[in-house]
Each structure stands twice: as structure tokens, then as C-alpha cells.
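Colleague: I am new to this one. Please show it to me, and then let me ask how each label was earned.

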Amino acid sequence: MRRAASTAWSTTSPPSRPRPSNGSNHIVTVRTRYAPSPTGALHIGNVRSGLFAYLFARHNGGEFVLRIDDTDQERSTQESLEEILESLRWLGMEWDKGPPESRYFQSSRFDRYREGALQLLRDHKAYPCYCTAEELDAKRKQAEREHRKPGYDGKCRGLPFAADLALPDKRAGRNYTIRFRSPRTGETVVADHVKGRAVFDNAELDDLIIFRSDGVPTYNFATVLDDADFGITHVVRGDDHLPNTPRQMQIFYALGLKPPEYAHLPLVMGPDGQKLSKRHGATSVFAYREAGYFPEALLNYLARLGWSHGDQEIFSKPELIEYFDFAACGKSAGIFNAEKLLWLNFHYMKERPLPQLAREVRPFIERAGYQRIPGGEAWLEKMIATLRERAKTLVELVDFARFYLSDAITIDPKAAAKFLKPEIAEPLKALAQEIESIESIDGGFSEAAVQAAFERVLERFGMKLGQLAQPVRVALTGGTVSPGIYEVIAVLGKAPTVARLRAALERVESAA
RNA sequence: GGUCCCAUCGUCUAGUGGUUAGGACACCGGCCUCUCACGUCGGGAACGCGGGUUCGACUCCCGCUGGGAUCACCA
């Protein structure tokens, strides 16, 4: 049994001990991590794996660490890092350990990776490889042509090397890579929390590069050292990493360390059944935030994609934490369903306390180009109340609010042709008068008062509500679709209502 | 192609040997109604195929088929 001697831990920088979170010194038995690389936006397929890691940690009262995998200096950017951090904060996936603390950036841990590589070299569990990238590439292509497996052929594996071999560093003229000497025989078993048992034949594992010729460690190596040093107990990630797992486990063994437990989650696919990516359209967390989605909806949707708790569809974050369990995770990939996310968003739209919704909608109003909001906080809430059941996103809500937010409404010609006909002139005129005579407080009045005004006009002209409501709707909103007409008028207020009614009247009369 | 993973309505899923196979999104229809929505009621819609095991398989086993992931000096 390849068990790590417990003393092996002492040769590494010891994992930070769990902070006494509430004064008690309970031992953290679960510590998960999410390790995005700052090479682009935070992708929703990717963040879902992070969410599951987060939920598992929280469910077990453990810790969630955020690590930034930025060994790829060329592709990593500050903007991406900030977007990732902001996205996680927005989603409410707060981390216990991580940025801004520098040790959670791989780029700050190069000394540690060097030390690890040197250890492996010393133990002859790694060796220098002098093959060039071009040479390797050619061999790979050749192998593919001949239908052989494209892995490294082990050319440099048997070469002797100095016990105190220096690590590669192109600038210092040491142009070679360090390869891990992977065992040739036996098998590596991944006892996965969601996939179950996956067995890999070690003969399939080739010797992977752990240090590049420029002296930068590669992902598979850095991640092992990090997971070990930070005391990660459960590696929760997408199942695209499953093929890497036996390699990483072998590195743990070679280092004299015990691998963590693993949970590989199925990936999120696009509608075409392929791994979700940029070409499927909006896939970043930011894109959804900007499109007017709520973090609760995204979180709920992502959690429910590949995980379930009976027939329940709506989950608050505390519920997610309480119920989360790997056993309830599905094993097969799920297709991202934008419609269902929309439905969830709609659900949270309806549930939201009005004051909160009002606060959240303001930036969207501003972004839509409106200079000012016609009323105060109470007015805004009233307006939102009439629209929230008709909009699925904040962007949509603002879009519907057009006729509330600006007096410059444009009347749809088709609607006008159908409803603003000469015979409606008199009723419209009467209604304008009725509305004008309603007692108002600060220009506002009640729906009931509006209804009474309508009823008087209806009776006088012997009309049905529908015959009057549609023309009025066109006059006030410019179209045939809107919230209830009494509501619209109550929100709009006296002056704008009368003004629009008169404007429509003019239009009718000039057309006649 | 090698290796690994996966397989219930179009989609997300419940199901853990005996169910009229349940729910949700979407879709269709009724009701409500000043329009549109909301709401509500109802409807169509699934166990990939073939072998076993068993008194009995959606459920267990094997094979096939199909889908996916991965095979970098990316992560």
C-alpha cells in the first residue's frame, strides 16, 4: 500500500491549521478549493464545479479556499482575476482562504515548486528531458498517422544525470524540461465520490513534464503541491480532469504524500451536446449579471443542473448548503437550458421585496439611457409592481417600463389605426376630463378613483370596458400591451395621463 | 485511434426489483380577463438495443450502439 508516512508532511510547508472560526477549536475535516486560472472570464460551466466545491465545504462546516492558478504568465491577466473575484462575490461564493493573500497565487509559490521538483530529481522520480518541442511535436504527429498512442516515448528516461542537477532555465542556458518518472506497471485507482471507481492502467500514463524549459512548473505538478500544502481534503472539479487524476495521484505518491479524495462532476454542455464554451453565446457570469439575472437564480439553476433533492426546484442558498450531497449528483453531463434559467429568474423577480428590486433596477434604468426617473422611491416601487410579472430579467423590465420612464412615447401606427378611430374621440375627451377632475395628492391618485372615472365614461357612452381600455392603452403607452390600464394611469399620474390622452385626441381629430 | 466516463419525456430530473414511471422547464388547450402577462385546470411527451439473473426488471450483470471527456513545455 502506497501510504504516505506521516512524517512526509513535515518536509513540506505545513498546511495552515484551521482558524478557530467561532472561538471553539474544532478541527476542519473538509477543505475544498476552487482553482480558476485568470485567463478569461469566469465561465458558468466552470463556476458550477466551484459551486459544488463550495457547497460541499459549507455543508460539512469546512473551508473553501480560492486559489489562483496563474502559472501561465502569458495568458493570465489582472482583468480576468478581478472579474473572477467580482463574479464569485456577486454569486455569494465567499472564500475562507484566498486572494488577496499572496500565497494563494501559484505565481508566488515558485520556490515551493522548485523545491518539490528538486526532491523528485534527487529521488530519481523525475529526470531531465532534452527533447525539443519540435521533435516531440513531430513524433506525436507521426504516431497519430500510424494510429499509435501519441504519448511521450521515454527517450530521455534512461539518461544519467547529475545528482545536483539544476532546474531548467532557458535564460541561464539550461534548455531542457523535467519529466515525472511515472510507474510503468500496476494500476491507479481513483475512488471518486461521484463517479465511483475508475481504474487506470499505469502503462497508459506517460512521463509528463512537470517543469518547462523556461523554469515554470506545469499545472499537474503545481496543483499537487498546492493541494498538499493547503491541506485540501477533497478535490472537487469537472470530470474533464478525471484523466489527469491518476497522474496527479502518482505525483503525490512520489512525493511521499497522500492524495486527497476526489469528486469529479459531469460537465455542462451547450445545446449541441458539446462542452459549453464561448461559441455557445453568453457563458460568463458577468454576461448574466449584465443581462439582468439575479445571483440567486443563477446559483439555483447551476446547482439544480446535475444535482437534485427529490422534486424540489427552488432552493435558497442555506437550503443548498443543507441538502448538498455528492450522492445526489448525477453522473451524466447536463445540457444548459437557458429557458429554465429564465423561469427561475422570473420566480426570484416575483419573490423579491419591492425595495430591493427597486434598488437593483436603478442601474439598469441608468444604463438604458434614461437621464432621470420621473418619481421617487415609492413611485419606482409602484411602477415595478406593475411590471414584475411581465418581465423575466431586469433588462426586460426596464424595456417594458419605457412608457413610464419617458413622456416621449412613440405610438405604434398599426395600433393607432386599429384603436384610435374617430368614434373614440368623444369618450377619450370625456375620460381626460374625468381624470383631470380626480382629487390627487402630489399628482398621484388611486386605482379605485381611476376605475370610477372609467365607469362614468363607460356608462355615459354605453361602452364596454374593452372598447375604451385598448384605445386608452395605445394613447398612454403607444402599444396594445401593458399592465392593467388602471394601474398604468395610477402610476403615470394625472398630468402625463391627461397630456397623452389629449395628444391622442389631436391625432384622432387631425386624421379625421 | 488509445484511455476513461456516461445513458428515464425535447431539456433538467425523481425512481434504488413489483409504480397507471412522478415533478419542473418548454409546448398545446380550457378557465380567469381591459391587452399582455400572472394564476389556475387539463393534455401530449421518456426508461437506446440485445442477451442474461429473477416468479418479476427502468432498477442487477454482460455485450452492442450512441454520446462525452481527454491524450500540450494550457489549465
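Modeller: What follows is a round of questions on the RNA surface and on two domains.

Modeller: One caution before you start: this is a predicted model.

Colleague: Which residues come nearest to RNA strand B?

Modeller: Arg212, Gln274, Glu389, Arg390 and Arg473 do, out of the 66 residues around the strand. A residue joins that group if one of its heavy atoms lies within 4 Å of the strand.

Colleague: Which part of RNA strand B gives most of the atoms within 4 Å of the protein, sugar and phosphate or bases?

Modeller: Sugar or phosphate, with 72% of those atoms. The rest belong to bases.

Colleague: What makes the approach of Asn244 to a base nitrogen of RNA strand B a polar contact?

Modeller: The limit is 3.5 Å between N or O atoms. An N or O atom in the side chain of Asn244 is 3.0 Å from the base nitrogen. That value is within the limit, so the pair counts.

Colleague: How do you know that Lys340 qualifies as well?

Modeller: A polar side-chain atom of Lys340 lies 3.4 Å from a base nitrogen of RNA strand B. The cut-off is 3.5 Å, so this is a polar contact too. Ser308 has its pair with the backbone: an N or O atom of its side chain is 3.0 Å from a phosphate oxygen. Among the elements that give two or more residues to this surface are helix H4 (133-145), helix H10 (338-351) and helix H18 (465-477).

Colleague: How do the residues of that surface divide by class?

Modeller: Into 24 nonpolar, 21 polar and 21 charged.

Colleague: Now the domains. Where do they run in chain A?

Modeller: The domain assignment gives domain 1 as 352-405 and domain 2 as 413-511. Their C-alpha centres lie 23 Å apart.

Colleague: How do you know that domain 1 and domain 2 are in contact?

Modeller: Contact needs heavy atoms within 4.5 Å. Eight residues of domain 1 meet that test with eleven residues of domain 2. The area buried between them is about 810 Å². Carbon and sulfur atoms give 64% of that area.

Colleague: How many salt bridges and polar contacts are counted between domain 1 and domain 2?

Modeller: Zero salt bridges. Two residue pairs are in polar contact.

Colleague: Which element supplies the largest share of the side of domain 1 that touches domain 2?

Modeller: Helix H12 (377-387) and helix H14 (402-405) each supply at least two residues. H12 has the largest share, with five. By class, that side has five nonpolar, one polar and two charged residues.

Definitions and conventions. Residues numbered from 1 in each chain as written. Chains lettered and ligands numbered in written order. Predicted model: local features only at pLDDT ≥ 70, side-chain atom pairs only at ≥ 80, totals over all residues. Heavy atoms only, no water. Polar contact = N/O pair within 3.5 Å; in protein donor to acceptor, adjacent residues only side chain to side chain. Helix = DSSP H or I, 4+ residues; strand = E, 2+ residues; numbered from the N terminus. Nonpolar A, V, L, I, M, F, W, Y, C, P; charged D, E, K, R; others polar. Domains from an automatic or database assignment. Buried area = accessible area lost by both parts, 1.4 Å probe. Salt bridge = Lys/Arg side-chain N within 4 Å of Asp/Glu carboxyl O.
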